[in-house]
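Visitor: Hello! I am new to reading protein structures. Could you show me how to look at a sheet and a core?

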Amino acid sequence: MKYSQLAELYEKLSSTTKSLEKTDILAKFLNKLKKEQDKSIIYLLKGKIFPDYDESEIGISLQLTIKALSKATGYQETKIVEEFKLLGDLGKVAELLTSSKEQSTLSSTKLTAEKVLINLRKLVEFEGKGTVEKKISLIAELLTSASPTEAKYLARTLLGNLRIGIGEGVLRDAIVVACCPKDNKAIPSKGREGSGFSWGCDEEKVKQLKEQVQEAYNTSNDFALVFEKACQGKLKEIVIDTEKPLKVMLYPKADDFQDAFDRLGKPCIFEYKYDGFRMLIHKNNNGIKLFTRRLDNVAKQFPDVVKYVKENIKAESFIIDSEAIGYDPKTKKFLPFQTISQRIKRKYDIEKLVKKLPIEINVFDILYYNGENLIKKPFEKRHEILKKIIKNDKYHLKLAEQIKTSSEKEAEEFYNKALEEGHEGVMAKSIDAPYKPGSRIGYGLKIKPQDQDFDLVIVKAEYGTGKRAGWLTSYTVACLQQDQFLEIGKVSTGLKEKPEEGLSFEEVTKKLKPLITKENGREVEVKPKIVITVTYQNIQKSPTYKSGFALRFPRFTRLRLDRNTEDITTLAEIEKEYQRANN
Ligand code: ATP
């Protein structure tokens with residue numbers, strides 16, 4: 001496929017903000033993609049080059065892209081930086097500078113989407129000496145044969161911000177439209193009265209199809225595979241695979257114990273809610289893999305856990321769901337998530353850190369066991385299997401504490417015990433519910449002391465002055481609405497100036513700098529990637545921010561490296577919290 005077809009699609013998609021229009025445009029494109037042999041072009045629609053379960057990222061910095069652009073266009077880097085300051089988007093700069101290049105129109109037809117994929121994938125492989133030069137050459141090769149519009153989107157893809165507003169939901173819906181069975185043609189079309197849009201077929205059928213596609217995606221984390229199977233009408237062939245990570249099931253909040261029983265039935269199971277990070281433990285013939293919620297395999301960082309799994313879980317193959325919590329090796333007291341989160345990214349001195357920050361694994365679910373997929377089995381049955389194969393080994397690996405009860409009083413006593421022991425609260429779980437990868441479906445509910453915090457993503461930041469010059473010290477944060485990030489406030493307290501005192505401005509700055517996509521004086525825009533927990537005193541309605549709300553006295557309390565941007569607090573949750581607090 002010509003890359004120009006993709007560039008044209010990106011242009012169309014960015015010309016509208018309406019989800020249904022985007023779905024329609026994308027579905028038409030997918031109809032063309034159906035005929036292509038290599039469906040992995042679909043990754044480029046989300047600015048990616050591999051399936052979402054793959055940890056490799058393009059990860060090209062602004063500086064490197066500028067160098068490549070200079071090599072491709074012949075313009076001095078200083079000139080490019082100057083234009084970048086004016087336009088604030090390197091994509092637009094690439095478009096502008098390429099259009100003034102004489103040979104641009106001659107060579108523009110050369111570039112194919114496959115070639116873009118090949119070159120971008122090579123970028124990930126390079127390591128060691130001469131890497132920078134090799135990367136610049138590969139990028140310049142693409143930019144040289146690109147038309148101005150193509151160059152714009154190439155630069156944006158490299159920087160990880162396509163700005164076309166395509167998220168998981170739109171892509172899923174477009175797959176439904178493009179691939180659903182002919183007798184149930186789903187067409188997003190204008191409603192009869194012209195008031196908005198509606199799907200041109202049976203709503204119930206559309207809902208089912210969307211669920212099937214979403215489920216296939218949550219299980220495989222691979223849109224190319226989902227698209228291919230959907231086209232063939234074989235989505236059912238996508239089943240969980242012990243080699244690959246899948247999305248974990250999530251849990252909404254219950255108001256109280258009565259609410260939990262009302263929603264889950266009686267009796268139900270209550271478990272301690274541990275304050276650590278989620279870990280999916282996979283074992284098959286090839287060994288043990290440990291996946292985080294962001295689908296990263298962290299087995300290298302956690303050799304201790306690999307050892308506990310070998311010693312305490314008896315089975316040939318499995319996928320087990322658990323929470324990893326850290327504790328102080330001397331006092332054995334549980335540590336807050338923030339303290340142990342450094343183990344997730346650590347690449348060196350791992351053994352030292354294992355001793356300094358030991359981990360206990362608390363197992364609470366099993367999805368696959370010795371060749372059998374268990375997700376449709378009731379929770380209680382799944383748990384029986386866990387009990388059979390797990391040897392409890394305190395401070396290393398054990399089953400999560402649990403009780404089964406129909407009594408609010410007993411549940412409350414269990415909850416108080418959990419809090420006394422330093423845990424976050426409890427999870428209430430339906431005894432007969434299946435496991436649904438990736439959904440916050442309410443087969444289990446969390447109950448914890450009323451908190452005033454949200455998980456939000458940083459979308460902009462500002463450099464400090466004086467003592468804080470050089471660090472990004474004020475962060476604009478956003479919540480999620482469908483596929484869009486809506487700003488809700490600015491956070492500048494909660495971080496330390498000295499790293500030894502805790503999470504510092506320096507550390508957060510280091511994480512944000514490679515994500516910068518636009519600079520405007522002291523303010524920068526960043527690729528929405530870093531999720532943080534923000535506590536606040538109350539929520540107000542506010543016209544200042546796009547979300548329509550503002551947080552009063554927001555404070556940075558946690559860096560959530562385990563969290564994806566798709567899992568952050570939604571606008572609907574904020575509205576609900578606002579209503580609750582003001583009633
Ligand atoms: P919160 O922000 O309220 O701590 P969260 O955003 O981390 O919650 P939720 O899905 O909202 O994630 O809450 C459930 C999380 O609690 C799970 O993702 C898991 O990491 C953790 N957890 C701890 N103990 C358990 C347990 N016994 N069963 C299931 N999840 C547990």
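Guide: Gladly! This is a predicted model. Let us start with pairing: two strands pair if DSSP finds at least two bridges between them. In general, strands of a sheet pair through backbone hydrogen bonds, either parallel or antiparallel.

Visitor: In what order do the 4 strands of the open sheet stand?

Guide: Their order is 10-3-11-12, and the pairing is antiparallel. Strand 10 (402–405) and strand 12 (444–447) are at the edges with a single partner strand each, so one side of each has no neighbour in the sheet. From one strand to the next, the twist averages 25 degrees.

Visitor: Over how many bridges do strand 3 and strand 10 pair?

Guide: Strand 3 (residues 268–273) pairs with strand 10 over 4 bridges, in the antiparallel sense. You can find Cys-268 opposite Thr-405 in strand 10.

Visitor: Which strands does helix 19 lie across?

Guide: Helix 19 (residues 379–389) lies across strand 3, strand 10 and strand 11 (425–430). Its direction makes an angle of about 55 degrees with strand 3.

Visitor: Now the core, please. What is the general idea?

Guide: In soluble globular proteins, nonpolar side chains tend to be buried together. Here the largest nonpolar core has 76 residues, and Leu-6, Leu-30, Ile-42, Leu-45 and Ile-175 have the most contacts inside it. Helix 11 (residues 168–179) gives the most to this core, with 8 residues.

Visitor: Which residues is Leu-45 in contact with, leaving aside its neighbours within four places in sequence?

Guide: Among them are Leu-6, Tyr-10, Phe-29, Leu-30, Ile-164 and Leu-171. There is also a second, separate core of 35 residues, which includes Ala-461, Leu-503, Leu-515 and Leu-559.

Notes: Residues are numbered from 1 along each chain as its sequence is written. This is a predicted model: local features need pLDDT of at least 70, side-chain atom pairs count only at pLDDT 80 or more; totals for chains, interfaces and linings use all residues. Side-chain values use heavy atoms; hydrogens and water are left out. Helices (H or I, at least four residues) and strands (E, at least two) are DSSP runs, numbered from the N terminus. Axes are lines fitted to C-alpha atoms, for helices over the stretch in contact, and angles run from 0 to 180 degrees between N-to-C directions. Contact means heavy atoms within 4.5 Å. A nonpolar core is a set of buried Ala, Val, Leu, Ile, Met, Phe, Trp, Tyr and Cys residues joined through side-chain atoms within 4.5 Å. Buried means under 20% relative accessible area, exposed over 50%, partly exposed in between (1.4 Å probe, protein chains only).
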